Amino acid sequence: MTEFPQSRAVILTGAASPRGIGRASAHYLAERGWNIGIIDLDAESARAVAAEIAEQHGVIAAGAGANVADEAQVRAAFDELEAALPQIVGLVNLAGVSSPVPYLEVTADEWDRVIGVNLNGVHYATRRAVESMVKNGVGRVVNLSSVSAQRGGGTFSKTAYSAAKAGVIGFSRSVARELGHDGITVNVISPGPIDTDIMGGTLTDERKEAMAADGVLSRIGTPRDIAAAIAYLISEDAGFVTGQTLNVDGGLYMH
Ligand SMILES: NC(=O)c1ccc[n+]([C@@H]2O[C@H](COP(=O)([O-])OP(=O)(O)OC[C@H]3O[C@@H](n4cnc5c(N)ncnc54)[C@H](O)[C@@H]3O)[C@@H](O)[C@H]2O)c1
């Protein structure tokens, strides 16, 4: 079995938004010794978050710009980050867009936009990352789905989002099966409502209460709830866990 390197890096896509899950996760992982690569739409914001992480946690951090729906941009960003960081052991695909459009109003462009970022983007980044991980004999991939995929919508976003996020689960299981013998694990986190700005802006207390009432706990989730799950799934100790979907959703979906 290939050793899990002491000096290691994780790349997070979609980690530049100030109140997002990605930025909180990057900080959480850096606190635990991971060197950090950040890919987001805007190169300047990605680099700013990387600089803040390097300064606060004393790790190596680098940022690059890419639209994850564009494979050439994703590959160029990876090349840039790989040159700046220690061995890439982890990839966390968080880049995503919401889509509250009712099914009968979904245009071809809207469908392509949502599938392009939320599903194709996961494939492009995973494909590039595992090319390196396979050579090294070790890798951990974590992809973000949503309770919306499992329950048939029921949150802010509707069918295009659900379809893309359900695709992420099938994609992840299949890559887990194909690359298990190469030392790579692939898992999914399926969050319930988390207090970020992705659902049409910062949530009011009323919206949070209504969302919490749907689950079995008395609150909605925080970015830290998801960061902790990511930290576990990319850890050395999670090496016997693959092809799984971990629901971090306050009990919204039980199966
Ligand atoms: N917040 C929730 O309730 C919730 C629930 C379930 C799943 N999720 C998923 O968690 C992930 C993170 O969401 P968040 O709540 O932190 O939202 P967010 O909007 O704060 O973060 C999304 C990030 O993705 C980036 N991004 C968007 N399109 C991109 C593209 N084409 N290329 C590169 N980067 C792009 C944004 O710039 C942003 O930094 C998403 O995949 C989302 O679908 C969130």
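Phe78 sits in helix 3, and in this predicted model it is buried, with a relative accessible area of just 2%. Leaving aside residues up to four places away in sequence, Phe78 touches Ile11, Ile39, Leu91, Ala125, Arg128 and Ala129. Gly170, on the other hand, is 24 Å from Phe78 in space, C-alpha to C-alpha, with the two positions 92 residues apart in sequence. Here's a tour of the rest, starting with the overall picture.

**The whole protein**

- Count up the secondary structure and you get 8 helices and 7 strands.
- The radius of gyration is 17 Å, close to the 18 Å that the globule rule gives for 255 residues, so the protein is as compact as a globular protein of that length.
- If you boxed up the C-alpha atoms along the principal axes, you'd need roughly 45 × 40 × 35 Å.
- Of the 255 residues, 51% are buried.
- Take the contacts with a separation of 6 or more: 74% of them are between residues 24 or more positions apart.
- About 11,500 Å² of the protein is exposed, and carbon and sulfur atoms supply 51% of that area.
- There are 20 positive and 29 negative charges, and the mean positions of the two sets are 4 Å apart.

**Helix 1 and its surroundings**

- Helix 1 is largely enclosed by the rest of the structure, because 8 of its 11 residues are buried.
- The buried ones are Ile21, Gly22, Ser25, Ala26, His27, Tyr28, Leu29 and Ala30.
- What do these buried residues of helix 1 pack against? Their partners are strand 1 (9-13), strand 2 (35-40), helix 2 and helix 8 (223-233).
- After helix 1 comes Gly33, which has a positive phi, near 95°.

**Salt bridges**

- The structure has 13 salt bridges, and the ones below are a sample, beginning with Arg23 and Glu52, whose closest N and O atoms are 2.7 Å apart.
- Arg23 belongs to helix 1 (residues 21-31) and Glu52 to helix 2 (residues 43-57), so this pair ties together parts that are 29 residues apart in sequence.
- Arg23 is partly exposed at 25% relative accessibility, and Glu52 is partly exposed too, at 21%.
- Another bridge joins the side chains of Asp79 and Arg128, at 2.9 Å from N to O.
- That Asp79–Arg128 pair links distant parts of the chain, with Asp79 in helix 3 (residues 71-84) and Arg128 in helix 4 (residues 108-136), 49 residues apart.
- Is each partner buried or partly exposed? Asp79 counts as partly exposed, at 43% relative accessibility, whereas Arg128 is buried, at 7%.
- Arg128 also turns up among the residues that Phe78 touches.
- Asp195 and Lys208 make a salt bridge as well, with their side chains meeting at 3.1 Å, N to O.
- In this pair, Asp195 is in the loop between strand 6 and helix 7 (205-213), while Lys208 is in helix 7, 13 residues apart.
- Asp195 counts as buried, at 16% relative accessibility, since the cut-off for buried is under 20%.
- Lys208 counts as partly exposed, at 22% relative accessibility.
- Asp195 and Lys208 aren't on their own: salt bridges with shared partners join Arg19, Asp195, Asp197 and Lys208 into one network.

**Two more residues to look at**

- Thr185 is in strand 6 (residues 184-191) and is buried, with a relative accessible area of 5%.
- Which residues does Thr185 touch, not counting those up to four places away in sequence? They are Gly139, Arg140, Val141, Gly239, Val241 and Thr242.
- Glu178 is in helix 6 (residues 159-179), and at a relative accessible area of 62% Glu178 is exposed.
- Glu178 and Val130 are 11 Å apart in space, C-alpha to C-alpha, and 48 residues apart in sequence.

Terms used. Residues are numbered from 1 along each chain as its sequence is written. This is a predicted model: local features need pLDDT of at least 70, side-chain atom pairs count only at pLDDT 80 or more; totals for chains, interfaces and linings use all residues. Side-chain values use heavy atoms; hydrogens and water are left out. Helices (H or I, at least four residues) and strands (E, at least two) are DSSP runs, numbered from the N terminus. The radius of gyration is taken over C-alpha atoms; the globule rule is 2.2 Å times the number of residues to the power 0.38. Buried means under 20% relative accessible area, exposed over 50%, partly exposed in between (1.4 Å probe, protein chains only). Contact means heavy atoms within 4.5 Å. Accessible areas come from the Shrake-Rupley method with a 1.4 Å probe; for residues, only the protein chains shown count as cover. Lys and Arg count as positive and Asp and Glu as negative; His and the chain ends are not counted. The place of a charge is taken as NZ of Lys, CZ of Arg, CG of Asp or CD of Glu. A salt bridge is a side-chain nitrogen of Lys or Arg within 4 Å of a carboxyl oxygen of Asp or Glu.
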